[in-house]
Amino acid sequence: MTKFQESLTEFAGWVGVLSILLAYALLSFDILESTSVGYHVLNLVGGAGIVIDALADKNYQPAVLNLIWCAIAVYAIVRVVI
């Protein structure tokens, strides 16, 4: 992996972490509701970013955890939208 690719995957991981933290903070401060699409999109983006970084580092436990996190977020988005 090139230095540039490594930087991109690290960036994706940090975007993921910050997205999940932002979703939790916005929910905790009653800015977003648990049934809002925005909340679930932040969780989806967060999980995907962590998956990208974890797979690049061959760190499979957080990759699996966050793949499941993403699946739950997709399910919730579909449920809210339909």
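With 32% relative accessibility, Val-37 counts as partly exposed, that is, between the cut-offs for buried (under 20% relative accessible area) and exposed (over 50%), using a 1.4 Å probe and protein chains only. Val-37 sits in helix α2. This is a predicted model, in which local features need pLDDT of at least 70 and side-chain atom pairs count only at pLDDT 80 or more, while totals for chains, interfaces and linings use all residues. Residues are numbered from 1 along each chain as its sequence is written, and side-chain values use heavy atoms, with hydrogens and water left out.

Now for the overall layout. The chain has three helices and zero strands, helices being DSSP runs of H or I with at least four residues and strands E runs of at least two, numbered from the N terminus. Read from the N terminus, the order is simply α-α-α. Along the principal axes, the C-alpha atoms fill a box of roughly 40 × 20 × 20 Å. Of the chain's 82 residues, 33% count as buried. If contacts (heavy atoms within 4.5 Å) are taken between residues at least 6 apart in sequence, 57% of them join residues at least 24 apart.

On the outside, the chain exposes about 5600 Å², with carbon and sulfur atoms supplying 72% of that area; accessible areas come from the Shrake-Rupley method with a 1.4 Å probe, and for residues only the protein chains shown count as cover. Val-37 turns up again here, in a nonpolar surface patch that also includes Phe-11, Val-41, Val-74 and Ile-82 and has about 840 Å² of accessible area together. Patch members have over 30% relative accessible area and no salt bridge; nonpolar side chains (Val, Leu, Ile, Met, Phe, Trp, Tyr) are joined within 5 Å, and like charges within 9 Å. A salt bridge here is a side-chain nitrogen of Lys or Arg within 4 Å of a carboxyl oxygen of Asp or Glu. Helices α1 (3-28), α2 (37-56) and α3 (60-81) each put at least two residues into the patch, and α3 gives the most, with four.

Helix α1 has 26 residues and reaches 37 Å from first C-alpha to last, close to the 38 Å expected at 1.5 Å a residue; the expected span is 1.5 Å times one less than the number of residues. Its buried residues are Thr-9, Ala-12, Gly-13, Gly-16, Ser-19, Ile-20, Ala-23 and Leu-26, and their cover includes α2 and α3. After α1 comes Asp-30, with a positive phi near 55°.

Helix α3, at 22 residues, reaches 31 Å, close to the expected 32 Å. Buried in α3 are Ala-63, Asn-66, Cys-70, Ala-73, Ala-76 and Ile-77. Looking down the α3 axis, these buried residues fall within an arc of 145°, so they line one face of the helix; the arc is that of the directions from the helix axis to the C-beta atoms. Gln-61, Leu-65, Ile-72, Tyr-75 and Arg-79 are exposed on the other side of α3. Cover for the buried residues of α3 includes α1 and α2.

One polar name on that buried list is Asn-66, which is found in α3 and counts as buried because its relative accessibility is 6%. Leaving aside neighbours within four places in sequence, Asn-66 is in contact with Ile-20, Gly-47, Ile-50 and Val-51. The C-alpha atoms of Asn-66 and Glu-10, 56 residues apart along the chain, are separated by 15 Å.
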